[in-house]
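Me: I'd like a close look at the open and enclosed spaces in this protein, starting with the biggest opening. Please keep the cut-offs in view as you go.

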Amino acid sequence: MKFKAFLTENGVTLLERRFIPALEKMGKISYVYLTKDHTFFLHNLLTNDGVQSIAEFRKDSLFSEYRISSQNDDRIAFSLDLSLLLRALRSAAAISAAADRLQIKLVKKLPPNCTTPMPFLTFETKGYASAVIQDIPISKPLSRAQVIELQTALDNAQDLPRTLVGISELDRMLNFVERMKQLGDVMEVGIARNGEFSLKVSTSLVTLGAEFKRLMIVGEDSEVDSGGNGGNEMSVLVSMKHFAKCLQCHLAKPDCAFYGVGSQGGSLTVVFQFFVPGSRQTDKSISLHCRLPVLDPGA
């Protein structure tokens with residue numbers, strides 16, 4: 001299998017300043033999944049343990065001169081340490097003003113004091129007077145069966161709720177949750193089809209909540225009368241830790257976040273929306289969403 005590409009200046013900015021700092025909050029180790037047209041960063045899709053997060057980039061939003069080949073239908077997947085990736089990106093950006101000449105490729109090398117070649121993701125940066133090569137150790141690339149399993153999990157995770165409500169006041173949401181974190185470990189999230197969204201945490205002594213009303217609605221129920229008819233609120237319980245971790249995706253600088261409850265109340269989905277700079281049009285070249293497991297009310 002082979003992979004070689006050049007990160008564009010926009011690609012370096014997206015990853016270094018926005019998405020990798022956000023994804024690192026989801027977990028230190030992430031799967032990187034490369035296909036002919038897209039790059040994915042994936043958390044917890046195969047384990048279903050904790051918050052699932054999916055960041056997707058169209059190849060031209062990150063790379064130029066993109067080349068990939070493998071016996072798995074030109075798909076390659078491996079895991080790596082996001083902190084090492086972030087360090088390499090920051091170092092490369094500091095070395096070279098010509099960020100679009102940052103070459104990235106998969107290689108096998110023989111590490112010191114080792115007799116077996118190991119896989120690495122290699123960054124090669126050329127500055128005006130120097131060139132720097134940085135090797136990031138990665139896991140052994142996934143087998144064909146494992147890639148199919150990952151793709152199946154990805155397909156399932158992208159099945160979005162039928163109704164989503166949108167919140168643009170992301171800073172306000174963060175402030176509320178920071179206060180709520182001190183009260184309990186469980187958050188009750190309510191979503192109504194008339195565009196209302198609520199958060200509540202309760203203890204034996206106090207209950208603290210927040211309500212957002214007249215929100216944007218998308219999906220099957222987007223034409224429900226916003227005057228209150230057909231409110232049909234659905235409430236789920238989620239881990240406060242999981243909810244707060246999901247909100248760290250705000251480091252990726254989304255313009256809006258949409259919340260929805262999955263089929264049969266099995267999960268809480270958060271879809272982060274990004275606009276094309278200088279417009280109100282959705283940037284379809286990048287996407288990010290999370291799925292939080294729902295707690296059993298009787299637990």
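How many residues line the largest pocket, and which of them lie nearest its centre?

Reply: Happy to. This is a predicted model, in which local features need pLDDT of at least 70 and side-chain atom pairs count only at pLDDT 80 or more, while totals for chains, interfaces and linings use all residues. Residues are numbered from 1 along each chain as its sequence is written, and side-chain values use heavy atoms, with hydrogens and water left out.

Now to your pocket. Its lining is made of 20 residues, and Pro161, Arg162, Val261, Gly262 and Ser263 are the ones nearest the centre. A pocket here is an open set of points on a 1 Å grid over the protein atoms alone, with protein on both sides within 12 Å along at least five of seven lines; a cavity is a set where a 1.4 Å probe fits but cannot get out, and lining residues have an atom within 4 Å of a point. The space in this largest pocket comes to about 450 Å³, where a volume is the space filled by probe spheres set on points joined across faces, edges and corners. Sorted by class, its lining holds 9 polar, 6 nonpolar and 5 charged residues. For those classes, Ala, Val, Leu, Ile, Met, Phe, Trp, Tyr, Cys and Pro are nonpolar, Asp, Glu, Lys and Arg are charged, and the others, Gly among them, are polar.

The second largest pocket has a volume of about 260 Å³. It is lined by 16 residues, with Thr282, Asp283, Lys284, Ile286 and Ser287 nearest the centre. By class, that lining has 7 nonpolar, 5 polar and 4 charged residues. Strands E4 (52–58), E17 (267–273) and E18 (286–293) each give it at least two residues; strands (E, at least two residues) and helices (H or I, at least four) are DSSP runs numbered from the N terminus.

These strands also meet one another. E4 and E18 run antiparallel and are joined by 6 bridges, and Phe57 has Ile286 of E18 as its bridge partner. That brings us back to Ile286, one of the residues nearest the centre of the second largest pocket. E17 pairs with E18 in the antiparallel sense too, over 6 bridges, with Leu268 partnered by Leu292 of E18. Two strands count as paired if DSSP finds at least two bridges between them.

For the enclosed side, there is 1 cavity of 30 Å³ or more. This cavity has about 120 Å³ of space and a lining of 15 residues, of which Val32, Phe41, Phe63, Ile104 and Leu121 lie nearest its centre. Two or more lining residues come from each of the strands E1 (2–7), E2 (29–34), E3 (38–43), E6 (76–81) and E8 (118–126). The cavity lining divides into 14 nonpolar residues, 1 polar and no charged.

One of the cavity strands, E1, contains Phe3, which is buried at 3% relative accessibility; buried means under 20% relative accessible area, exposed over 50% and partly exposed in between, with a 1.4 Å probe and protein chains only. The C-alpha atom of Phe3 is 43 Å from that of Asp185, 182 residues away along the chain.

Two backbone details may interest you as well. Asn44, in the loop between E3 and E4, has a positive phi near 60° without being a glycine, and is partly exposed at 25%. Glu65, in strand E5 (residues 63–69), likewise has a positive phi, of about 50°, and is partly exposed with a relative accessible area of 44%. Most residues other than glycine have a negative phi.

As for cysteines, the structure holds 0 disulfides, a disulfide being a pair of cysteine sulfur atoms within 2.5 Å. The sulfur of Cys249 has its closest cysteine sulfur in Cys290, but at 3.6 Å that is too far for a bond. Cys249 is buried at 0% relative accessible area, and Cys290 is also buried at 0%.

Stepping back, the chain has 6 helices and 18 strands, and 48% of its 299 residues count as buried. Its C-alpha atoms fill a box of roughly 65 × 40 × 35 Å along the principal axes.
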